[in-house]
Amino acid sequence: QVSVSSKVMRARALESIRHVRQLALRQDKVGLDLLTLALAGKKSLSQGGFDKVIKMCDEMVEVLKTEQQDDDHKKEYCLSQFDLADDKKKALEREVSQEKNAIATATDAIATLTEEIAALEAGIK
């Protein structure tokens with residue numbers, strides 16, 4: 001077993017937090033800044049504050065996991081809504097096409113009937 005001094009552990013934790021902070025969203029940076037301050041402060045470490053920092057890290061990890069799950073659910077919901085909207089769009093486009101065809105057929109029928117009426121009127125006179 002390799003024993004690691006609290007100084008080395010603190011340095012590693014600070015390095016990790018600083019790296020994650022660069023990748024974090026704006027609202028998450030505040031919590032990471034607090035962790036950095038807690039690790040960098042000598043008073044908190046001398047009073048067993050490192051346990052508090054670890055606890056804060058664990059809590060933040062849990063919050064981030066929950067947020068990620070929420071984001072995944074929202075993404076699934078949005079994708080299904082996009083699919084539904086696309087299906088509705090295609091159905092409406094199909095309906096518009098059918099209505100255009102019906103209008104064209106009705107227009108042709110009107111023209112044919114107009115010609116037949118004219119022919120009948122000419123035949124009657």
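## Working through a helical chain

Among contacts in the protein chain between residues at least 6 apart in sequence, 38% join residues at least 24 apart. Keep in mind that this is a predicted model.

**Exercise 1. Work out how many helices and strands the protein chain has, and in what pattern they come.**

Start by counting: you should get 4 helices and 0 strands. Next, walk along the sequence, and the pattern reads α-α-α-α.

**Exercise 2. Find out which helix has the lowest confidence and which has the highest.**

Begin with the whole chain: its mean pLDDT is 83, and 86% of its residues reach 70 or more. Now go helix by helix. Confidence bottoms out in helix α3, residues 42–46, with a mean of 53. It peaks in helix α4, residues 49–124, at 91.

**Exercise 3. Work out what share of the residues counts as buried, and what supplies the exposed area.**

Residues first: the chain has 125 of them, and 12% count as buried. Then the surface: the chain exposes about 10,700 Å², with carbon and sulfur atoms supplying 58% of that area.

**Exercise 4. Track down the salt bridges and say where their partners sit.**

Here's the idea to start from: side chains of opposite charge can pair when their charged atoms come close. The cut-off to apply is a Lys or Arg side-chain nitrogen within 4 Å of a carboxyl oxygen of Asp or Glu. With that rule, the count is 3 salt bridges.

Take them one at a time:

- Glu-62 pairs with Lys-65 at 4.0 Å, N to O. Both residues belong to helix α4 and sit 3 residues apart, about one turn of the helix.
- Asp-86 pairs with Lys-90, and their closest N and O atoms are 3.5 Å apart. These two also lie in helix α4, with a spacing of 4 residues, about one turn.
- Lys-89 pairs with Glu-93 at 4.0 Å, N to O. They are 4 residues apart in helix α4, so about one helical turn separates them.

**Exercise 5. Decide whether Glu-62, Asp-86, Lys-90, Lys-89 and Glu-93 are buried, partly exposed or exposed.**

You need the cut-offs for this one: buried is under 20% relative accessible area, exposed is over 50%, and partly exposed is in between. Now sort the residues:

- Glu-62 comes in at 47%, so it's partly exposed.
- Asp-86, at 35%, is partly exposed.
- Lys-90, its salt-bridge partner, has 44% and is partly exposed.
- Lys-89 has 49%, which makes it partly exposed.
- Glu-93, at 46%, is partly exposed too.

Terms used. Residues are numbered from 1 along each chain as its sequence is written. This is a predicted model: local features need pLDDT of at least 70, side-chain atom pairs count only at pLDDT 80 or more; totals for chains, interfaces and linings use all residues. Side-chain values use heavy atoms; hydrogens and water are left out. Buried means under 20% relative accessible area, exposed over 50%, partly exposed in between (1.4 Å probe, protein chains only). Contact means heavy atoms within 4.5 Å. Accessible areas come from the Shrake-Rupley method with a 1.4 Å probe; for residues, only the protein chains shown count as cover. pLDDT is the predictor's confidence in each residue, from 0 to 100.
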